[in-house]
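Visitor: I would like a close look at a single part of this model, set in the context of the whole chain. Please take it step by step.

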Amino acid sequence: MHTNVKWEESNDRASIVDLVMTERRAKRGFLKTPVPLETVNEILNAARYAPSSSNTQPWKCFVLTGGARGRITERAVELFRAGPEKLSPEYPFFPQPLHDPFISRFNVFRGQLGDAVGVPRSDKYGRMKDVERQFRFFEAPVGMIFTMDRKLEWASFICYGCFLQNIMLAAKARGLDTCAQQIWSLQHPMLREELGFSENDMVVAGLSLGWADNSLAENNMTNHKLAIDEFVTFLGD
Ligand SMILES: Cc1cc2nc3c(=O)[nH]c(=O)nc-3n(C[C@H](O)[C@H](O)[C@H](O)COP(=O)(O)O)c2cc1C
């Protein structure tokens, strides 16, 4: 076995897995308490069993702690301050304009987050500060950057999603929290230079990992999740 958990010995497997899935939430503020590298290793060691199309495993990952994390977050914030309009992602995040029902869900989420952090949409300065927090990995002691060969196609993004979710669930199962952050794709030129990967690889996302500061309002939001009858069609005989 590759983990310490013996599948045959766990007595309520479904509820354990369901609990980890339903308890996981994106957290946007972390305690400074360090995360042992052995724990990060354990998480990645479990996550690498993610399924992928024909076992192609498109993921590549940089784990940033200590000085490396500090240098990269400082540069990211500097670049953002120097010209947010100069930063652009390596792949489109959403169609422009985003249409319903997605734009409504997007706006509800943005409104909730704005209320939680006390930054209304009209507060441009507050919103800038909020983005800076994103580029500080929300103070999490571990930041991760994920890259993928840019010649790959859409199917590999599906595989990547499985891998990222594995990391988030393995972290949650250990009492840790995460926030997946596609916003890090905006920092691809600096990340390429600092981390030394080539133009052949694109930045898919980043991820904050640590112990959530649950005293923060933004870490206590209740996100609306669709009920299954809103997105499932059951077909029988
Ligand atoms: C692929 C992906 C990219 C994301 N990028 C960001 C991001 O850049 N910044 C951020 O604050 N949250 C980001 N999130 C977190 C989502 O906003 C969050 O998952 C969503 O609001 C649902 O909330 P929940 O994860 O707590 O259920 C991302 C999530 C995913 C899956």
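**A close look at one helix and its setting**

Guide: Let me begin with glycine 118, which counts as exposed because 10 C-beta neighbours lie inside 10 Å of this residue, where a residue with 12 or fewer is classed as exposed. The model is a predicted one, and within it glycine 118 sits in the loop between helix H4 (102–117) and helix H5 (124–134). Although glycine 118 and alanine 217 are separated by 99 residues in sequence, their C-alpha atoms are 9.2 Å apart in space.

That pairing leads to the chain as a whole. The protein has seven helices and four strands, and, read from the N terminus, its elements follow the order α-α-β-α-α-α-β-α-β-α-β. The radius of gyration is 19 Å, close to the 18 Å that the globule rule gives for 237 residues, so the protein is as compact as a globular protein of that length. Along the principal axes, the C-alpha atoms fill a box of roughly 55 × 40 × 40 Å, and 23% of the 237 residues count as buried. Among the contacts between residues at least 6 apart in sequence, 85% join residues at least 24 apart.

The part to examine closely is helix H6, which covers residues 154–173. At 1.5 Å a residue, its 20 residues should span 28 Å, and the end C-alpha atoms are 29 Å apart, which agrees with that expectation. The buried residues of H6 are Cys159, Tyr160, Phe163, Leu164, Ile167, Met168, Ala170 and Ala171. These buried residues pack against helix H2 (37–47), strand E2 (142–149), strand E3 and strand E4 (201–210). Just after H6, glycine 175 takes a positive phi of about 85 degrees.

Strand E3, one of the elements against which the buried residues of H6 pack, also links this helix to the ligand site in our description. Strand E3, residues 177–181, supplies three residues to the shell around the ligand, the largest share. The residues surrounding the ligand are Arg25, Ala26, Arg28, Phe109, Gln134, Cys179, Ala180, Gln181, Gln182, Ile183, Ala205 and Asn223. By residue class, the shell divides into six nonpolar, four polar and two charged residues.

Taken together, helix H6 has buried residues that pack against one helix and three strands, H2, E2, E3 and E4, while E3 gives the largest share of the shell around the ligand.

Methods
Residues numbered from 1 in each chain as written. Predicted model: local features only at pLDDT ≥ 70, side-chain atom pairs only at ≥ 80, totals over all residues. Near = placed C-beta within 6 Å. Helix = DSSP H or I, 4+ residues; strand = E, 2+ residues; numbered from the N terminus. Nonpolar A, V, L, I, M, F, W, Y, C, P; charged D, E, K, R; others polar. Buried ≥ 20, exposed ≤ 12 C-beta atoms within 10 Å, placed from the backbone. Rg over C-alpha atoms; globule rule 2.2 N^0.38 Å. Contact = placed C-beta atoms within 7 Å. Expected span 1.5 Å × (residues − 1).
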